[in-house]
Amino acid sequence: MFIADSEEYWNEESWEDDEPGAAGCPCGSEEFEVAVAFSLGDDGSVRWVTVGLRCIKDGFCGVYADWKIDYSPTEHLLTMV
């Protein structure tokens, strides 16, 4: 599953051995609660998109992915989650 416009930019060469959607907790669980956050610039445009995961089994939290948005306009990204 892709978030915002990430599918448009995904290509295997840029992500080396990573697989889209592959995640695992140090405890061995692969079940998570997911949150998406947007960092906005002073003008309200999206500057960063961050995906955080919380393990359902042990509560371990971490940032799974984040990427910088370096174009505009960006308002459409807020509705694509």
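What follows is a chat between a trainee and a mentor about the predicted model above.

Mentor: Ground rules before you start: this is a predicted model, where local features need pLDDT of at least 70 and side-chain atom pairs count only at pLDDT 80 or more, while totals for chains, interfaces and linings use all residues. Residues are numbered from 1 along each chain as its sequence is written, and side-chain values use heavy atoms, with hydrogens and water left out.

Trainee: What is the order of the strands in the open sheet?

Mentor: Strands here are DSSP E runs of at least two residues, numbered from the N terminus, and two of them pair if DSSP finds at least two bridges between them. Strand 1 (residues 32-40) and strand 2 (residues 46-55) are antiparallel, with 9 bridges, and 7 bridges tie strand 2 to strand 3 (residues 61-68), also antiparallel. That makes an open sheet of 3 strands, in the order 1-2-3.

Trainee: Which strands stand at the edges of the sheet?

Mentor: Look for strands with a single partner strand, so that one side is left without a neighbour in the sheet. Those are strand 1 and strand 3.

Trainee: Which residue in the turn between strand 1 and strand 2 has a positive phi?

Mentor: These two strands form a hairpin, with 5 residues between them. The residue with a phi of about 90 degrees in that turn is G44.

Trainee: And in the hairpin of strand 2 and strand 3, which residue takes a positive phi?

Mentor: Here too there are 5 residues between the strands. With a phi near 80 degrees, the residue you want is G59.

Trainee: Which strand gives the largest share of the largest nonpolar core?

Mentor: A nonpolar core is a set of buried Ala, Val, Leu, Ile, Met, Phe, Trp, Tyr and Cys residues joined through side-chain atoms within 4.5 Å; buried means under 20% relative accessible area, exposed over 50%, partly exposed in between (1.4 Å probe, protein chains only). The largest one has 7 residues: A4, V46, V49, V51, W67, I69 and L77. Its largest share, 3 residues, comes from strand 2.

Trainee: How many disulfides does the structure hold?

Mentor: A disulfide needs a pair of cysteine sulfur atoms within 2.5 Å. For C55, the nearest cysteine sulfur belongs to C25, 3.7 Å away. For C61, the nearest is that of C55, at 9.0 Å. The count for the structure is 0.

Trainee: Which residue forms a salt bridge with R54?

Mentor: A salt bridge is a side-chain nitrogen of Lys or Arg within 4 Å of a carboxyl oxygen of Asp or Glu, and the whole structure has 1. The closest N and O atoms are 3.1 Å apart. R54 sits in strand 2 and its partner in strand 1, 21 residues apart. That partner is E33.

Trainee: Is R54 buried or partly exposed?

Mentor: The relative accessible area of R54 is 37%, while E33 is partly exposed at 44%. R54 also counts as partly exposed.

Notes. Helices (H or I, at least four residues) and strands (E, at least two) are DSSP runs, numbered from the N terminus.
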